[in-house]
Amino acid sequence: MSDKPSYLGLLNSIAVGEADGEELFCAWAAATPRADVKAVLEAVMLREGEHAKSFAKRINELGFSVRPSEAPSHASRMAIARSTTLADCEKFEQLNIGVAPMGTDVFARFMDDLTIDIHTGELMGRYISEERDSNRMLQGCRAAVAAEANGSADTSAIDARLERIESALAALLAKQ
Ligand SMILES: [Fe+2]
């Protein structure tokens with residue numbers, strides 16, 4: 001077995017986190033009523049699953065095994081994702097998904113370790129690029145469901161206003 005790389009912990013947390021992400025996006029994709037949202041969630045789910053396996057494979061190639069760990073928020077996040085009563089726009093909000101990073105993102109420092117080997121570095125570069133692309137896709141998806149939610153809110157406001165006008169008209173006609 002080789003010496004333990006200083007970045008093994010980072011690889012492990014990516015492998016574990018991506019497996020959680022796969023599970024979360026799978027549950028959400030199964031619950032959404034919108035085909036366009038499902039398509040994005042499934043694309044992200046497949047990336048997350050592939051990342052989990054690729055990092056587990058790299059850890060194995062380096063002579064180690066993935067050490068499973070339970071994220072404290074995973075169970076509650078899963079409950080949100082699989083909910084059939086929460087709307088997609090509420091899920092985006094509660095899960096804090098599809099948010100544009102402020103300035104930079106969590107991945108910006110993942111290549112800071114100067115000892116990262118070439119194969120791990122290649123994998124990391126692809127992983128970061130795909131994560132950023134997934135985030136852009138999710139931002140677009142979040143904007144689309146938010147626009148739909150706002151649109152239906154506007155429609156119900158107009159409906160209520162029309163009802164008031166109709167009632168007022170009916171009252172006027174009744175007086176004649
Ligand atoms: Fe991810």
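Met 102 sits in the loop between α4 and α5, the latter covering residues 118-175. Helices here are DSSP runs of H or I with at least four residues, strands are runs of E with at least two, and both are numbered from the N terminus. Met 102 is exposed because just 6 other C-beta atoms lie within 10 Å. The cut-offs work like this: a residue is buried if 20 or more other C-beta atoms lie within 10 Å of its own, exposed if 12 or fewer, and partly exposed in between, with C-beta atoms placed from the backbone. The model is a predicted one, so local features need pLDDT of at least 70 and side-chain atom pairs count only at pLDDT 80 or more, while totals for chains, interfaces and linings use all residues. Residue numbers start from 1 along each chain as its sequence is written.

The loop between α4 and α5 also holds Asn 96. Asn 96 is not a glycine, yet it has a positive phi of about 55°. With 8 other C-beta atoms within 10 Å, Asn 96 is exposed.

Now for the start of the chain. Pro 5 belongs to the segment before α1, and so does Asp 3. How exposed are these two? Asp 3 has 7 C-beta neighbours inside 10 Å and therefore counts as exposed. Pro 5 has 18 C-beta neighbours inside 10 Å, so it counts as partly exposed. Setting aside neighbours within four places in sequence, Pro 5 is in contact with Leu 62 and Thr 115; a contact means that the C-beta atoms of two residues, placed from the backbone, lie within 7 Å.

A few C-alpha distances tie these residues to other parts of the chain. Met 102 and Pro 5 are 97 residues apart along the chain, and their C-alpha atoms are separated by 31 Å. For Pro 5 and Phe 92, 87 residues apart along the chain, the separation is 36 Å. Asp 3 and Glu 93 lie 90 residues apart in sequence and 43 Å apart in space, C-alpha to C-alpha.

Zooming out, the chain has five helices and zero strands, so to speak an α-α-α-α-α run from the N terminus on. Its C-alpha trace spans about 95 × 30 × 25 Å along the principal axes. The radius of gyration of the chain is 23 Å, whereas a compact globule of 176 residues would have one near 16 Å. That radius is taken over C-alpha atoms, and the globule rule is 2.2 Å times the number of residues to the power 0.38. Buried residues account for 24% of the 176 residues. Of the contacts between residues at least 6 apart in sequence, 75% join residues at least 24 apart.

Next comes helix packing. Two packed helices are described by the angle between their axes and the distance between the axes. The axes are lines fitted to C-alpha atoms, for helices over the stretch in contact, and angles run from 0 to 180 degrees between N-to-C directions. Angles under 35 degrees count as roughly parallel, over 145 as roughly antiparallel, 65 to 115 as roughly perpendicular and the rest as oblique.

α1 packs against helix α2 (residues 35-61) at an angle of about 155°, with the axes 7 Å apart. That makes the two roughly antiparallel. The contact of α1 with α2 involves 16 nonpolar, four polar and six charged residues. In this sorting, Ala, Val, Leu, Ile, Met, Phe, Trp, Tyr, Cys and Pro are nonpolar, Asp, Glu, Lys and Arg are charged, and the others, Gly among them, are polar.

Which way does α1 run relative to α3? Helix α1 (residues 8-31) and α3 meet at an angle of about 20°, their axes 7 Å apart, and they are therefore roughly parallel to each other. On the α1 side the contact is made by Asp 20, Glu 23, Leu 24, Ala 27, Trp 28 and Ala 31, and on the α3 side by His 74, Arg 77, Met 78, Ala 81 and Arg 82. Sorted by class, that gives six nonpolar, one polar and four charged residues.

Helix α3 (residues 74-82) also packs with helix α4 (residues 88-95), at an angle of about 165° and with axes 9 Å apart. α3 and α4 are therefore roughly antiparallel. Arg 77, Ile 80 and Ala 81 of α3 make this contact with Lys 91, Gln 94 and Leu 95 of α4.
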